[in-house]
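Notebook open, coffee poured. I want to go through this one helix by helix and jot down what I look up.

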Amino acid sequence: MKTKIESITEVKKLVDVFYEKVRQDQVLAPIFNEIIQDQWPKHLAKMYRFWQTILLKDLTYKGAPFIPHLKMDLEGKHFKLWLGLFNETLDENFIGDTAEEARWRAAKMAEMFEMKINFHRENNTKPLF
């Protein structure tokens, strides 16, 4: 049954189901597992706080999410896969305005991260944070 994203319970479901898909994806799993290794519970807890802050306006996340992604070997195809799995998770489990906001924010995040990574690679620069 599809539900609205209204509390941390739904945010956790979104994150857990989505990252389970990432961990099973033939292309994304090796990249994420190489970085995260045995720290998945810690990473998931951080993602709960991140999406809770974005979707529920509960200011539980502090951090700079771009920096870790700059160190990853990511290209456009990876962002498309990531976004596809995220949208699939939303489509299968959630309805409502907050789910649509999650879809929009994930698309903008993927677009921004890809552009910033490409900029830094093309200019051989390091971020200023």
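Which residues of H3 are buried? Before I answer, a note to self: this is a predicted model.

**Entry 1: H3**

I listed the buried residues of H3 and got Trp-40, His-43, Leu-44, Met-47, Tyr-48, Phe-50, Trp-51, Gln-52, Thr-53, Ile-54, Leu-55 and Leu-56. That is 12 of the 17 residues, so I am noting H3 as mostly covered, with buried meaning under 20% relative accessible area. I then looked for what does the covering, and H1 (8–24), H2, H5 and H6 are included in it.

I also checked the span. H3 runs over residues 40–56 and reaches 23 Å from its first C-alpha to its last, close to the 24 Å expected at 1.5 Å a residue.

**Entry 2: Thr-53 and the end of H3**

Next I picked out Thr-53, which sits in H3. Thr-53 counts as buried because its relative accessibility is 17%, and the cut-off is 20%. What does its side chain reach? A polar atom of the Thr-53 side chain lies 2.9 Å from the backbone oxygen of Asp-58. I skipped neighbours within four places in sequence and found Thr-53 in contact with Asp-58, Leu-59, Thr-60 and Tyr-61.

Just after H3 comes Lys-57, with a positive phi of about 65°. Lys-57 is not a glycine, so I wrote that one down. Lys-57 belongs to the loop between H3 and H4 (66–70).

**Entry 3: the H2 side**

I went back to the loop between H2 and H3, where Gln-37 lies. Gln-37 also has a positive phi, about 50°, and is not a glycine either. Is Gln-37 buried or exposed? I get 56% relative accessibility for Gln-37, which counts as exposed because the cut-off is over 50%.

Ile-35 is in H2 itself, residues 28–36. Ile-35 comes out as partly exposed, at 45% relative accessible area. I tried a long-range pair here too: Ile-35 and Lys-71 are 36 residues apart in sequence, and their C-alpha atoms are 9.0 Å apart in space.

**Entry 4: H2 against H5**

How do the axes of H2 and H5 cross? They come within 11 Å and cross at roughly 95°. That makes H2 roughly perpendicular to H5. From H2, I have Leu-28, Ile-31 and Phe-32 meeting His-78, Leu-81, Trp-82 and Leu-85 of H5. I sorted the residues of this contact by type and got 6 nonpolar, 1 polar and no charged.

**Entry 5: Thr-89 in H5**

I stayed on H5 and looked at Thr-89, which is found there. Thr-89 is buried, and its relative accessible area is 0%. Where does its side chain go? It reaches the backbone oxygen of Leu-85 at 2.8 Å. With residues up to four places away in sequence left out, Thr-89 touches Leu-14, Val-17, Phe-18, Lys-21 and Phe-94.

**Entry 6: H5 against H6**

H5 covers residues 76–93, and its axis comes within 10 Å of the H6 axis, crossing at roughly 170°. That makes H5 roughly antiparallel to H6, because over 145 degrees counts as such. On the H5 side, I listed Gly-76, Phe-79, Trp-82, Leu-83, Phe-86, Asn-87, Leu-90 and Asp-91. On the H6 side, I listed Ala-99, Ala-102, Arg-103, Ala-106, Ala-107, Ala-110, Phe-113, Glu-114 and Ile-117. The residues of this contact divide into 12 nonpolar, 2 polar and 3 charged.

**Entry 7: H6 on its own**

H6 takes up residues 97–122, which makes 26 residues. From first C-alpha to last, H6 reaches 37 Å, close to the 38 Å expected.

Which residues of H6 are buried? I get Ala-99, Ala-102, Ala-106, Met-109, Ala-110, Phe-113, Ile-117 and His-120. A reminder for reading such a list: an α-helix has 3.6 residues a turn, so residues three or four places apart point the same way.

Last lookup: Asn-124, just after H6, takes a positive phi of about 50°.

Definitions and conventions: Residues are numbered from 1 along each chain as its sequence is written. This is a predicted model: local features need pLDDT of at least 70, side-chain atom pairs count only at pLDDT 80 or more; totals for chains, interfaces and linings use all residues. Side-chain values use heavy atoms; hydrogens and water are left out. Helices (H or I, at least four residues) and strands (E, at least two) are DSSP runs, numbered from the N terminus. The expected span of a helix is 1.5 Å times one less than its number of residues. Buried means under 20% relative accessible area, exposed over 50%, partly exposed in between (1.4 Å probe, protein chains only). Axes are lines fitted to C-alpha atoms, for helices over the stretch in contact, and angles run from 0 to 180 degrees between N-to-C directions. Angles under 35 degrees count as roughly parallel, over 145 as roughly antiparallel, 65 to 115 as roughly perpendicular and the rest as oblique. Contact means heavy atoms within 4.5 Å. Ala, Val, Leu, Ile, Met, Phe, Trp, Tyr, Cys and Pro count as nonpolar, Asp, Glu, Lys and Arg as charged, and the others, Gly among them, as polar. A polar contact is a pair of N or O atoms within 3.5 Å; within protein, one must be able to donate a hydrogen and the other to accept it, and residues adjacent in sequence count only if both atoms are side-chain atoms.
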